[in-house]
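Please look over the sequence and the fold below. The briefing covers strand order and helix packing.

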Amino acid sequence: MVAAPRTPCEHRHMARRRFLVEHIRGNAAELRGAEARHLARVLRAEPGQLYELSDGAAVYLAEIAAVEKERVIFRVVEALDVPPAPVRLTLFAAIVKFDRFEWLVEKATELGVAAIVPVNAARSEKGLLEAARKRAERWRRIAHESSQQARRVGPPEIGEPQSLAAAVAVGKGLRYFLDEKPGAPPLLSAIPQGGERRGSDSVALLTGPEGGWTDSERAAAIAAGWTPVSVGPLILRAETAAIGAAGIVTHAWWASQLE
């Protein structure tokens, strides 16, 4: 059994390094491989030091019990209170060059996005869809590392690459697609007002490729019930627009929690 939360005390408010672990059993957990080596050799971990651990469902304060060559063993001290995510945001992002898409995965993870789904658009570069299927595991590693840095409870889901038709067929929650065509309303004005936002809300953002949407893609999204929106008058790179939109959504719902 994992220890129950205690009365708040000073060490629970410190910003400690957080690690994601596969599971916690019998008040014990461990890190293996590269992360264990980094903790042992670079951070010079020693028994008795305190870190935070997350198993994807909850967060715990844990003490290092032993440091070995290829693993670090922890003993759980107590469960920690973790605020809920302000909104469940899924980012359907058109595939762009992989160095830029990796940056998108990293920053979307830091912003708290719940899921990232690569989308093949008409103007995505040829060959990227097939190559994207081979990159999924690398993107998951980037998301894992970024989740630890951002002190998330768990990493975002990295979905399998989809066609645009499959992406726009998603029928739940609030759905917006970034449209570079003049006349689209600002994203902030299109989302619900502060008092109408709930932590249980589900939001989907669909962002296009470098060349923008074709007229037929734009028509398909609108026909499927997606709302066209804009993040401003400037011409942004695809990955910048995606992260800007994700930041607007997550900040709006987070601010509503504070009201």
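What follows is a short tour of a predicted model, sheet before helices. The sheet is open and has 5 strands, with mixed pairing. Helices α2 and α7 supply a helix-to-helix contact.

**The sheet**
- The strand order is β1-β3-β4-β5-β2.
- Strands β1 (18-20) and β2 (28-32) stand at the edges.
- Each of these edge strands has a single partner, so one side of each lacks a neighbour in the sheet.
- On average, neighbouring strands are turned by 40 degrees against each other, direction ignored.

**Inside the sheet: β3 and β4**
- Strands β3 (residues 50-54) and β4 (residues 59-67) run antiparallel.
- They are joined by 5 bridges.
- In this region, E52 sits opposite L61 of β4.

**A helix across the sheet**
- Helix α1 (residues 33-42) lies across β1, β2, β3, β4 and β5 (71-80).
- Its direction is at about 95 degrees to β2.

**Helix α2 against helix α7**
- Helix α2 spans residues 98-110, and helix α7 spans residues 238-258.
- Their axes come within 9 Å and cross at roughly 10 degrees.
- Because of that crossing angle, α2 counts as roughly parallel to α7; the cut-off is under 35 degrees.
- From α2, the contact uses R100, W103, L104, K107 and A108.
- From α7, the contact uses E239, T240, A242 and I243.
- By class, this contact has 5 nonpolar, 1 polar and 3 charged residues.

Methods. Residues numbered from 1 in each chain as written. Predicted model: local features only at pLDDT ≥ 70, side-chain atom pairs only at ≥ 80, totals over all residues. Heavy atoms only, no water. Axes fitted to C-alpha atoms, helices over the stretch in contact; angles between N-to-C directions. Helix = DSSP H or I, 4+ residues; strand = E, 2+ residues; numbered from the N terminus. Parallel < 35°, antiparallel > 145°, perpendicular 65-115°, else oblique. Contact = heavy atoms within 4.5 Å. Nonpolar A, V, L, I, M, F, W, Y, C, P; charged D, E, K, R; others polar. Pairing = 2+ DSSP bridges.
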